Amino acid sequence: MKTKLVGLKEYRLNLTALTKEMACNKYRIIVLNKNKPIFEVSPISENLFEMEKLKKEVSKARKEYKKGNFVSEEEVLKSSTDEL
């Protein structure tokens, strides 16, 4: 993956254009402050983004389960047959 070095001021002023360009051309940006790297911005794939969302949902569901907030399989089956 290609890398582009950008100063902090330039990054702030051109944030939208730089991130669109980065996503289209598949390269990462390293932002510098006084010629020292302070952070990196890189594109994320749709698959990775979906996986991160799924991990968050599973974590939330586990917390709810531990609190006792869940519906049993029998309740789900009963409600689905009641609707028919």
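## Exercises on strand β3 and its surroundings

Phe 39 is a residue of strand β3. The model examined in these exercises is predicted.

**Exercise 1.** Determine whether Phe 39 is buried, partly exposed or exposed, and state which residues Phe 39 touches.

*Solution.* Step 1: the relative accessible area of Phe 39 is 34%. Step 2: the partly exposed class lies between the buried class, under 20%, and the exposed class, over 50%. Step 3: Phe 39 is therefore partly exposed. Step 4: when residues up to four places away in sequence are not counted, Phe 39 touches Leu 8, Tyr 11, Ile 29, Ile 30 and Val 31.

**Exercise 2.** Classify Pro 37 by its accessibility and list its contacts.

*Solution.* Step 1: Pro 37 is also located in strand β3. Step 2: its relative accessibility is 60%. Step 3: the exposed class begins over 50%, so Pro 37 counts as exposed. Step 4: with neighbours within four places in sequence left aside, Pro 37 is in contact with Ile 30, Val 31 and Leu 32.

**Exercise 3.** State how far apart in space the C-alpha atoms are for the pair Pro 37 and Gly 7, and for the pair Phe 39 and Val 76.

*Solution.* Step 1: Pro 37 and Gly 7 are 30 residues apart along the chain, and their C-alpha atoms are separated by 9.0 Å. Step 2: Phe 39 and Val 76 are 37 residues apart in sequence, with a C-alpha to C-alpha distance of 47 Å.

**Exercise 4.** Describe the sheet to which β3 belongs, and explain why β1 and β3 are edge strands.

*Solution.* Step 1: the sheet is open and consists of three strands in the order β1-β2-β3, with mixed pairing. Step 2: β1 (2-7) and β3 (36-41) each have a single partner strand, so one side of each has no neighbour in the sheet. Step 3: from one strand to the next, the twist averages 30 degrees. Step 4: β2 (residues 27-33) pairs with β3 in the antiparallel sense over five bridges. Step 5: Asn 33 has Lys 36 of β3 as its bridge partner. Step 6: helix α2 (residues 15-25) packs on the sheet and touches β1, β2 and β3, its direction making about 145 degrees with that of β2.

**Exercise 5.** Identify the residues of the nonpolar surface patch and place Val 58 in its helix.

*Solution.* Step 1: Ile 44, Leu 48, Phe 49, Met 51, Leu 54 and Val 58 make a nonpolar surface patch of about 530 Å². Step 2: Val 58 belongs to helix α3 (residues 46-67). Step 3: with a relative accessibility of 33%, Val 58 counts as partly exposed.

Methods. Residues numbered from 1 in each chain as written. Predicted model: local features only at pLDDT ≥ 70, side-chain atom pairs only at ≥ 80, totals over all residues. Heavy atoms only, no water. Pairing = 2+ DSSP bridges. Helix = DSSP H or I, 4+ residues; strand = E, 2+ residues; numbered from the N terminus. Axes fitted to C-alpha atoms, helices over the stretch in contact; angles between N-to-C directions. Contact = heavy atoms within 4.5 Å. Patch = residues over 30% accessible without salt bridge, like charges linked within 9 Å, V, L, I, M, F, W, Y side chains within 5 Å. Areas by Shrake-Rupley, 256 points an atom, 1.4 Å probe, with all protein chains shown as cover. Salt bridge = Lys/Arg side-chain N within 4 Å of Asp/Glu carboxyl O. Buried < 20%, exposed > 50% of the residue type's maximum accessible area, 1.4 Å probe, protein only.
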